[in-house]
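Q: Could you take me through one part of this model closely, and then follow the trail outward from there? I would enjoy a connected account rather than a list.

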Amino acid sequence: DVDTTGGTPRIALTLGASTVYAPYASGLGTDTLVFNYTVVSPNTTSALDYASTTALQLNGGAITDLAGNAAVSLALPAPGAAGSIAAAATIAIDTTAPTVSTFICPTSTRTASISCSLLLSESVSGVTAAAFTVGGTSTGWTVDSVSGAGAGPYTVALSAPTAVDGT
């Protein structure tokens with residue numbers, strides 16, 4: 001059982017050089033407690049784990065068994081050891097946005113459509129035409145489709161406005 005009247009239990013997580021706290025979220029009446037943390041920039045780590053064997057903190061709250069007895073020990077396995085977050089799964093967090101390494105389009109735009117080539121600084125997933133807008137002096141062009149994977153190359157298909165002026 002978890003009592004949050006005096007405070008909310010939390011677990012300290014190591015994200016790069018920073019320690020952040022995930023507050024207790026759910027698990028009342030079960031053998032599993034859930035702690036939630038919302039990742040924000042600049043949180044980055046190649047292997048998420050809690051900070052130490054004492055990372056589970058009552059923080060003014062209480063954790064008891066179903067009979068109401070106080071938790072005997074809040075000690076966790078050593079970070080990286082069997083039973084830890086890192087031992088259960090490799091969870092990487094990267095809040096650095098990818099950048100465009102190369103974007104090449106034909107120089108002649110006297111056609112109704114063109115295909116451009118795109119390379120990114122790192123591998124990404126879920127890239128769709130909705131992620132792109134055409135700006136600058138190329139008004140009226142629309143992104144029809146995007147195909148590719150990882151860091152690229154991607155092919156970005158564009159279609160011209162009704163009147164193609166050749167610029």
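A: Let's start with a polar contact: the side chain of threonine 45 reaches the backbone nitrogen of alanine 47, at 3.4 Å. Please keep in mind that this is a predicted model. Threonine 45 lies in strand 5, which covers residues 44-45. Its relative accessibility is 14%, and because buried means under 20%, threonine 45 counts as buried. What does threonine 45 touch, once residues up to four places away in sequence are set aside? The list is Thr14, Leu15 and Gly16, together with Ile91, Ala92 and Ile93.

One of those neighbours, Leu15, takes us to the largest nonpolar core. This core has 15 residues, and Leu15 is among the members that touch the most other members, alongside Ile11, Leu13, Leu48, Tyr50, Ala55 and Leu76. Two elements give two or more residues to the core: strand 2 (10-15) and strand 3 (18-26). Strand 2 gives the most, with four residues. Leucine 76 is a good member to look at in your viewer. Leaving aside neighbours within four places in sequence, leucine 76 is in contact with Ile11, Tyr50, Ala55 and Leu56, and also with Ser52 and Thr53. There is a second, separate core as well, made of eleven residues, including Ile114, Leu118, Val156 and Leu158. As background, nonpolar side chains tend to be buried together in soluble globular proteins.

Val156 and Leu158, from that second core, bring us to strand 13, which spans residues 154-159. Is strand 13 mostly covered or mostly open? It is mostly covered, with five of its six residues buried. Strand 13 belongs to an open sheet of four strands in the order 10-11-13-12, paired antiparallel. The edges are strand 10 and strand 12 (142-147), each of which pairs on one side only. On average, and ignoring direction, neighbouring strands of this sheet are turned by 25 degrees against each other.

Now for the pairings of strand 13. On one side, six bridges join strand 13 to strand 11, and the two run antiparallel. Here serine 113 stands opposite serine 159 of strand 13. Five bridges join strand 12 to strand 13, again in antiparallel fashion. Two places to check are valine 146, which stands opposite valine 156, and serine 147, whose bridge partner in strand 13 is threonine 155. Strands 12 and 13 form a hairpin with six residues between the strands, where glycine 148 takes a positive phi near 140 degrees.

The trail ends at a covalent link. How many disulfides does a search of the whole structure find? The search finds one: cysteine 105 is joined to cysteine 116, with an S to S distance of 1.9 Å. Cysteine 105 sits in the loop between strand 10 (100-104) and strand 11 (113-120), while cysteine 116 is in strand 11, so the pair, eleven residues apart, links distant parts of the chain. The link is right-handed, with 110 degrees about the S-S bond. Its two ends differ in cover: cysteine 116 has a relative accessible area of 2% and is buried, whereas cysteine 105, at 28%, is partly exposed.

Conventions. Residues are numbered from 1 along each chain as its sequence is written. This is a predicted model: local features need pLDDT of at least 70, side-chain atom pairs count only at pLDDT 80 or more; totals for chains, interfaces and linings use all residues. Side-chain values use heavy atoms; hydrogens and water are left out. Buried means under 20% relative accessible area, exposed over 50%, partly exposed in between (1.4 Å probe, protein chains only). A polar contact is a pair of N or O atoms within 3.5 Å; within protein, one must be able to donate a hydrogen and the other to accept it, and residues adjacent in sequence count only if both atoms are side-chain atoms. Contact means heavy atoms within 4.5 Å. A disulfide is a pair of cysteine sulfur atoms within 2.5 Å. Two strands pair if DSSP finds at least two bridges between them. Axes are lines fitted to C-alpha atoms, for helices over the stretch in contact, and angles run from 0 to 180 degrees between N-to-C directions. A nonpolar core is a set of buried Ala, Val, Leu, Ile, Met, Phe, Trp, Tyr and Cys residues joined through side-chain atoms within 4.5 Å.
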